[in-house]
Amino acid sequence: MLSIDALRVAYGGAVEAVRGVSMDVPDGKVVAVLGSNGAGKSTLLRTISGTLSLHRGRVDAGSVRLDGADLVGRDPGKIVRLGVVQVPEGRRIFGRLTVEENLRAGGMASKDKSAKAAAQERVYDLFPVLKERTSQRGGLLSGGEQQMLAIGRALMASPKLLLLDEPSLGLAPRIIGQIGEVIAEINRQGTSVLLVEQNATMALGVADLAYVLDVGEVSLSGDARELARTDEVQRLYLGHESEAPQERTTAAPRKTLSRWTA
Amino acid sequence: MTQFLSLLVNGISLGTIYALIALGFVVIFKASEVVNFAHGSLLLLGAYVIAVTSDALGFLGAVLVGVAVTAVAAVLVERLVINRLRGAPVISLAIVTIGVDIIILTELVRRLGSDILNVPHPWAGESIRFAGVGISLNRGVAMVVAAVLIGLFFLAFKYSNWGVAMRASAEDGETAALMGIKQGQVSALAWVVAGVLAAVAALFLVGSPTPGVSPTVYAVALAAFPAAILGGLDSTGGALVGGLLIGIAETLATGYQDEMLFLGRGFGTVVPYIVMLVILLVRPSGLFGTRELTRV
C-alpha cells in the first residue's frame, strides 16, 4: 500500500532528519516505527502527510508512494482525499470547537455526505464516550478522551491508511492499553496503520511489522514479535537491562508532557 | 429623558454599522492573522462605487455593484498581497496593509476631489418618530439590515462548513491542513465576507445624517477599529459588543456636548479612542479576546 524508498529529508537545507529510509506498509497491516527523540519519526510522518513545507523541510531524494502514486509535493488535502490521514502528535484537537465540530472538521476534505454519516457512526461506535459529549468543547475533555477524539476526527475522512504520531503521549497506562485495543479494532475493520511510538510495549503489541529508526536511519526491521525478542530492542525500548536509566536521561526531553514507558 | 432615549437609539443604530465593519475586521484577523488597516479605504471604495453607478444602474443595481466591487477588491488584496506573504510576521503584514490602504485612499481622494457625491437612498431625508424619540429613516433601515446580516453571519459562523473550517483553521492551521482544510480558501472567503459587510456599512454611513460620499467617510469608518480592538481582535461577539459600545458612547458624547463644553466641541469623534484606551488599560486583550492572540 505505502512504500517509502531511499527517502532523504532535510530542514532548512541543512539539518538532515531522515537519511535514506526505506519502509513498506502492506495492505491491512499495522506497522510500528520505534525510535527515540530526534530519530526522524515525526519528519517521516510529515513527509507522508504533506505538511513538511509548513516546517521548512524538503525532500532531497527518494519517494513516497501510495499504491504507486507519488505523494511527495502534493498538498495535504489531496493526500487526505487519496486516503492517508494523520493523527498529529500531542493530539492537537480544536479546543474551542465542540466534539461534534471537531469531527466535522475531520470530514472536511470529502463532499460525500453519506460516507461522512457512516464514518461518524463508526466513530461513535468505537468511542461511545464521544457520543455522550457531542456538544462539549474539545478542550474540556480528559487527555484520553482527547486522544480518542483526535483518532475519531481522522477516521471521519474514511482513511485507507491511518498515520498515528505517538498516541500514547502523556496518557495513563490503563488508557494506553485502551488506545492499543482501539488501534487493533480499527485495523480489523480494514484500515492499515502506521504507528509511530516511543512506547514500545504497546506498539509491538499491536503491530505486525516494526522498524527501529536511529538518527534518521533504519537500524532494525522485521516481524514485530521477533523484533520484541531481540537483545537490542529489549535493552533500548523495553527496559530489560541494568543501565536503562542512563540511556534515557542522555536524550534531552523535548516535550513538556510527561510520558509513560513500560 | 427623551433626549437621552433619542440619543441612545441613534447610538445603537450607529453602533450596528460599526459592528458590521468591526466584524469584517475580526474575521480577516482570525482567518489570515492580519490586522487589516486597508479596511477603511475598502469601505470608502464601496461608497464611491455605489455613488458613481447609481445614476446609470438605479439604487438597487448600484448597491449590488458596489458590494460586489468591494468584495472583489478585498479578495484581490488577499490573493495578490497577503496570501503571498503567509508566514511573515504579523507586524510586517499590518504595515503592508497600511501601504495598500494609502494607495486605494489616495486614488479615491483624487477622484472625489472636494465633491460630495450623493447616494440616492429611497429613504433619503425621511425620519421616524415614536413617542418623541426621533431617528433618521436611514439609520432605522441600517439597524434592521445590520441586525439581519449580523444574525446571518453568526449562524453561518456557528453552523456552516465555512464557519467550522474557519474556526478550526484559526485555532490550529497546521492541524486543519491535515484534514484537508485549505487555509488559502478559508482566508479568501473571509475577505469576501469582510468586503461585503464593509460595503453594506458604507451604504448606510453615507446616508442621513451624513451628507454623502466624501473623504471624511473614511475617518468615520476608522471608529470601527477601536470597536474591533476593544472587543478583542479575535472575538466576533466582541466586535458586535464593541461596535454598539462605541456607537452609543460617540453619539451620547456628541449629543451632550453643550453640557460638557469644558471638553470643547467635536469631542464625540475622540470618544471611541478614549473608550478603547480605558478598556485596554483594564483588559489588555479586549473584552472577549484571547490573551495570546491579541498581542499584535
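Start in chain A by selecting strands 1, 2, 4 and 5, which together form an open sheet in the order 2-1-4-5 with antiparallel pairing. If you colour the two edges, you will be marking strand 2 (15–25) and strand 5 (69–70) of chain A, each of which pairs on one side only. Keep in mind throughout the tour that what is on the screen is a predicted model, one that scores ipTM 0.81 and pTM 0.83.

Now narrow the selection to strand 1 (residues 2–11) of chain A together with strand 2 of chain A, and follow the eight bridges over which the two pair in the antiparallel sense. To find a single place on this ladder, show the side chain of Y11(A), which stands opposite V15(A) in strand 2 of chain A.

Next, move along chain A to strand 7 (residues 161–165), and ask how many of its residues are buried. The count is five of five, so that a viewer showing the surroundings will present strand 7 of chain A as mostly covered. Displaying the side chains makes the alternation along this strand visible: L161(A), L163(A) and D165(A) point one way, while L162(A) and L164(A) point the other way, and all are buried.

With strand 7 of chain A still selected, add its partners. Strand 6 (residues 84–87) of chain A runs parallel to strand 7 of chain A and is joined to it by four bridges, whereas strand 8 (residues 192–197) of chain A, also parallel to strand 7, is joined to it by five bridges. A useful residue to centre on is L162(A), because it can be followed in both directions: L162(A) is the bridge partner of V85(A), and L162(A) also stands opposite V193(A) in strand 8 of chain A.From here, turn to the contact between the two chains, which takes 20 residues from chain A and 16 residues from chain B. On the side of chain A that touches chain B, the elements that give two or more residues are helix 2 (76–82) and helix 3 (99–106) of chain A. Colouring this side of chain A by class will show ten nonpolar, five polar and five charged residues.

Cross over to chain B and display it as a cartoon, in which you can look for eleven helices and two strands. Read along the sequence, these elements of chain B follow the pattern α-α-α-β-β-α-α-α-α-α-α-α-α. The radius of gyration of chain B is 19 Å, close to the 19 Å that the globule rule gives for 296 residues, so chain B is as compact as a globular protein of that length. Along its principal axes, the C-alpha trace of chain B spans about 60 × 50 × 35 Å. Of the 296 residues of chain B, 49% count as buried, and among its contacts between residues at least 6 apart in sequence, 76% join residues at least 24 apart.

Within chain B, select helix 7 (residues 183–205) and check its length between the two end C-alpha atoms, which are 32 Å apart; this agrees with the 33 Å that 23 residues should span at 1.5 Å a residue. Is helix 7 of chain B largely enclosed or largely open? Since 18 of its 23 residues are buried, helix 7 of chain B is largely enclosed by the rest of the structure.

Finish by colouring chain B by confidence, where the average pLDDT is 89 and 98% of the residues score at least 70. Among the elements of chain B, strand 1 (residues 127–130) has the lowest mean pLDDT, 82, and helix 2 (residues 39–82) has the highest, 94.

Definitions and conventions:
Residues numbered from 1 in each chain as written. Chains lettered and ligands numbered in written order. Predicted model: local features only at pLDDT ≥ 70, side-chain atom pairs only at ≥ 80, totals over all residues. Contact = placed C-beta atoms within 7 Å. Nonpolar A, V, L, I, M, F, W, Y, C, P; charged D, E, K, R; others polar. Rg over C-alpha atoms; globule rule 2.2 N^0.38 Å. Buried ≥ 20, exposed ≤ 12 C-beta atoms within 10 Å, placed from the backbone. Expected span 1.5 Å × (residues − 1). pLDDT = per-residue confidence, 0-100. Pairing = 2+ DSSP bridges.
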